[in-house]
Amino acid sequence: MTNDPRILVIDDEPPIRKLLRVGLGSQGYAVAEAHNGRTALDLLEQEPFALVILDLGLPDIAGHALLAQIRARKPDLPVIVLSSRDDEAGKVEALDLGADDYVTKPFGMNELLARMRNALRHQLAVGGERPLFRAGELTVDLVRRIVRVGEREVKLSPKEYDVLRLLVHHAGKVLTHAHLLREVWGSAADPHYLRVYVRQLRQKLEPEPERPRYILTETGVGYRMRAPD
């Protein structure tokens, strides 16, 4: 019986499954494979997994429909989606359905491993309800609502803090524009509001606002707060 973290790879392409089996196995992960959605759902009922890697282009169940089923059955299980380079709408839909992150094909193993670590750290942080967030010089005290960069306390407007709090709560995970707007302003909000407040937060928090190291842009999709240290 292995104690290695178990990863479920759901992909109908044998070369991709082999790549992931070898690459993840070399990093200490135990990999189970499913070539279609029904096999994946059976495996999820039979044994626990630390994380799922899901290709959206499956032969039997549409990837987004399968993601919705996984979320309904395993709401806390991290899911990383594999998507094609030009499928921006598909990425956004997957993230809105609850995916933790996405990797674009073709992908590098180092990038995938980094996103897996982010997703697993995010799961641990949410489960532990960390009251104090730290990433580099940035500290956010979620109980006292105090934000610091190094020793300097940063004053935020209520809306700036609401945006930051949401990003911090999901640090390491991509949040779509629609999700952020819905949670902070309501469903009818103008997307321009979000751009303005993210720009203001970067001016206050980032050493180099034009090259952010904390609030990261996922082009065409949304934003991601750097995972905690």
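# A guided tour of the model

Start with everything shown as a surface: the protein has an accessible surface of about 11,400 Å², and carbon and sulfur atoms hold 49% of it. Accessible areas here come from the Shrake-Rupley method with a 1.4 Å probe, and for residues only the protein chains shown count as cover.

Before you click further, please note that this is a predicted model, in which local features need pLDDT of at least 70 and side-chain atom pairs count only at pLDDT 80 or more, while totals for chains, interfaces and linings use all residues. Residues are numbered from 1 along each chain as its sequence is written, and side-chain values use heavy atoms, with hydrogens and water left out.

**The whole chain**

Switch to the C-alpha trace, which spans about 50 × 40 × 30 Å along its principal axes. The radius of gyration of the protein is 18 Å, which agrees with the value near 17 Å that a compact globule of 229 residues would have. That radius is taken over C-alpha atoms, and the globule rule is 2.2 Å times the number of residues to the power 0.38.

Now colour by burial. Of the 229 residues, 48% are buried; buried means under 20% relative accessible area, exposed over 50%, and partly exposed in between (1.4 Å probe, protein chains only). Among contacts with a separation of 6 or more, 60% are between residues 24 or more positions apart, where contact means heavy atoms within 4.5 Å.

In cartoon view, you will find 8 helices and 12 strands. Helices (H or I, at least four residues) and strands (E, at least two) are DSSP runs, numbered from the N terminus.

**Stop one: strand E3**

Select residues 51-55, which form strand E3. How many of its residues are buried? The count is 5 of 5, so to speak a mostly covered strand. Leu51, Ile53 and Asp55 lie on one side, Val52 and Leu54 on the other, and both faces are covered.

Next add strand E1 (residues 6-10), which pairs with E3 in the parallel sense over 4 bridges. Two strands pair if DSSP finds at least two bridges between them. To see one of these partners, pick Ile10 and look for Leu54 in E3.

Then add strand E4 (residues 79-84), which runs parallel to E3 and is joined to it by 4 bridges. Here Val52 has Val79 as its bridge partner in E4. Bring in helix H3 (residues 63-73) as well: E3, H3 and E4 make a right-handed β-α-β unit. A crossover is right-handed if, with the strands pointing away from the viewer, the path from the first strand over the helix to the second runs clockwise.

**Stop two: Arg21**

Select Arg21 in helix H1 (residues 14-25). Arg21 is partly exposed, with a relative accessible area of 37%. Leaving out residues up to four places away in sequence, Arg21 touches Val31 and Glu33. For a distance across the model, draw a line to Glu210: the two are 189 residues apart in sequence and 38 Å apart in space, C-alpha to C-alpha.

**Stop three: an open sheet**

Which strands form the open antiparallel sheet of 4 strands? They are E6, E7, E8 and E9, in the order E6-E7-E8-E9. Strand E6 (132-135) and strand E9 (152-154) stand at the edges with a single partner strand each, so one side of each has no neighbour in the sheet. The twist averages 20° from one strand to the next.

Zoom in on E6 and strand E7 (residues 138-141), an antiparallel pair with 4 bridges. Ala135 stands opposite Leu138 in E7. Helix H6 (residues 158-169) packs on the sheet, touching E6, E7 and strand E8 (146-149), and its direction makes about 100° with that of E7. Axes are lines fitted to C-alpha atoms, for helices over the stretch in contact, and angles run from 0 to 180 degrees between N-to-C directions.

**Stop four: helix H7**

Select helix H7 (residues 177-184), where His179, Leu180, Leu181 and Val184 are buried. The cover over the buried residues of H7 includes helix H4 (88-96), H6, strand E10 (174-176), helix H8 (191-205) and strand E12 (222-225). Just after H7, Gly186 takes a positive phi of about 100°.

**Last stop: the E11-E12 hairpin**

E11 and E12 form a hairpin with 3 residues between them, and Gly220 in the turn has a positive phi of about 75°. The two strands run antiparallel and are joined by 4 bridges; Thr217 stands opposite Tyr223 in E12.

Finish on Glu218, in strand E11 (residues 215-218). Is Glu218 buried or exposed? Glu218 is buried, with a relative accessible area of 9%. Not counting residues up to four places away in sequence, Glu218 touches Tyr102, Arg115, Val174, Tyr223 and Arg224.
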